[in-house]
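Trainee: I should like a close look at a single part of this structure, namely the empty space inside the protein and what surrounds it. Please take me through it in one connected account.

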Amino acid sequence: MNPGFPIRYVDPVFRPPSEAESLILPVTDGCSWNQCTFCEMYTAPQKKFRARDATETLETLRRCGERFGNEIRRVFLADGDALVLPTRRLLEILDAIREHLPAVRRVSSYCLPRNLRRKSVEELSELAAAGLSIAYVGAESGDDEVLAKVHKGESFASTCEALDKLQQAGIRRSVMILNGLGGKALSRQHAENSARLANATQPEFLATLVVSFPQGDDRFRAGFADWQACDQRELFVEMETFISALELRRTVFRSDHVSNRLVLKGTLGAEKSRLMDEIRTAIAAPAAASLRAVRRPGL
């Protein structure tokens, strides 16, 4: 640890785009599942999963309080799935955040659906009351065939169950879908069933990223040998299928990650027509013109 900084990080460190201004507080290292073949985030040897020692975490928070005082407004619990920790441990952490960082108004975490199977709605309600306000759920897809091929370890039903538990407990849900995950062959069913998942759970936030493999796709293809990447236009068509099938009442939608060639922002369903128009314009445009349009200033 840098003696001048109160937190010990194990690189690389990840957080959702919307947590850019948050204090990143590691309470675990790595991901307890870490078998999704599309994900490279926690595959480095030093990111092997383990829970941080409780004493270290509480001491880190004490030192953060001394260093930052009332400057911190948001805290993100890292790494890949802090909610794997027992409820008692999480409550201790949330209590320490309130004690040492009293200006914090939002605490968030990634969340694997599997890690809520052992937590009751009552336990999650305790966490919400203690300050946990947002859970980022990487659903990736609502299609069981796609989920099986990428070794997600989840299904449409298990993801719905987790999202419903969070909703009942009063924890807001940010759901992420991977555009292109099903490849050419499964693109339509991936889009339609992902929309079905969102419709069934009505998350407060919904986002899409484009699947990519910076370190190569050998690991991914080991379980999905016939996968063929969608080209840019096919990704847009998949988004058209996805958005057109959504029946959301009040969900903030974002497709503005660096991986997205078409930047989309709006509230669904109020702005569904506008978003559909933007997607159809991108589909109809030549590739070069489309790329200039979707990266125009102001989006």
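Mentor: The account below begins with the enclosed cavities, passes to the open pocket, and ends with the elements and local backbone features around them.

The model is a predicted one. Rolling a probe the size of a water molecule over the atoms shows where empty space is left. When the whole structure is searched, three cavities of 30 Å³ or more are found.

The largest cavity holds about 70 Å³ of space. Its lining consists of Asn-179, Val-210, Gln-232, Leu-235, Phe-236, Met-239, Ser-255, Asn-260, Arg-261, Leu-262 and Leu-264. Helix α8, residues 232-245, supplies the largest share of that lining, with four residues. Sorted by class, the lining of the largest cavity comprises six nonpolar, four polar and one charged residues.

The second largest cavity has a volume of about 50 Å³. Around the second largest cavity stand Ile-177, Leu-178, Asn-179, His-190, Ala-191, Ser-194, Thr-208, Glu-238, Met-239 and Phe-242. Two or more residues of this lining come from each of β7 (172-179), α6 (187-201) and α8. The class count for the second largest cavity is five nonpolar, four polar and one charged residues. Asn-179 and Met-239 appear in the linings of both the largest and the second largest cavity.

Beside these enclosed spaces, the open one deserves attention. The largest pocket has a volume of about 1300 Å³. It is lined by 47 residues, of which Pro-17, Met-41, Tyr-110, Met-176 and Leu-209 are the closest to its centre. The elements that contribute two or more residues to the lining of this pocket are the strands β5 (106-111), β6 (132-140), β7, β8 (205-210) and β9 (251-255). The greatest contribution is that of β8, which gives six residues. By class, the pocket lining has 28 nonpolar, 12 polar and seven charged residues.

One of the pocket-lining strands, β9, leads on to β10. The two strands β9 and β10 pair in the antiparallel sense over five bridges, and Val-252 has Thr-267 of β10 as its bridge partner. In a regular strand the side chains alternate between the two faces of the sheet. In β10, residues 264-268, Leu-264, Gly-266 and Leu-268 form the covered face, whereas Lys-265 and Thr-267 form the uncovered one. Leu-264 of that covered face is also one of the residues that line the largest cavity.

Helix α9 also has a buried and an exposed side. This helix, residues 272-284, has 13 residues and reaches 18 Å from its first C-alpha to its last, close to the 18 Å expected at 1.5 Å a residue. Within α9, the residues Leu-275, Met-276, Glu-278, Ile-279, Ala-282 and Ile-283 are buried. They lie on the same side of α9 because they cover an arc of only 160° around the axis. Ser-273, Thr-281 and Ala-284 are exposed, and they sit on the face of α9 turned away from its buried side.

Two residues that are not glycines have a positive phi. Glu-140 has a positive phi of about 70° and lies in strand β6, one of the strands that contribute to the pocket lining. Glu-140 is buried, since its relative accessible area is 5%, under the 20% limit for that term. Gln-202 has a positive phi of about 50° and is found in the loop between α6 and β8. At a relative accessible area of 14%, Gln-202 is likewise buried. The loop of Gln-202 is thus bounded by α6 and β8; α6 contributes to the lining of the second largest cavity, and β8 to that of the largest pocket.

Two cis peptide bonds complete the description of the backbone. One joins Asp-11 and Pro-12, with omega of about -5°; Pro-12 is in the segment before β1 (23-26). The other runs from Ala-78 to Asp-79, with omega near 5°, and Asp-79 lies in the loop between β4 (74-78) and α2.

Helix α2, residues 87-100, contains Glu-92. Glu-92 is partly exposed, with a relative accessible area of 32%. Along the chain Glu-92 and Leu-58 are 34 residues apart, and their C-alpha atoms are separated by 8.3 Å.

Note on methods
Residues are numbered from 1 along each chain as its sequence is written. This is a predicted model: local features need pLDDT of at least 70, side-chain atom pairs count only at pLDDT 80 or more; totals for chains, interfaces and linings use all residues. Side-chain values use heavy atoms; hydrogens and water are left out. On a 1 Å grid over the protein atoms alone, a cavity is a set of points where a 1.4 Å probe fits but cannot get out, and a pocket is an open set with protein on both sides within 12 Å along at least five of seven lines; lining residues have an atom within 4 Å of a point. Grid points are joined across faces, edges and corners, and a volume is the space filled by probe spheres set on the points. Ala, Val, Leu, Ile, Met, Phe, Trp, Tyr, Cys and Pro count as nonpolar, Asp, Glu, Lys and Arg as charged, and the others, Gly among them, as polar. The expected span of a helix is 1.5 Å times one less than its number of residues. Buried means under 20% relative accessible area, exposed over 50%, partly exposed in between (1.4 Å probe, protein chains only). The arc is that of the directions from the helix axis to the C-beta atoms. Two strands pair if DSSP finds at least two bridges between them.
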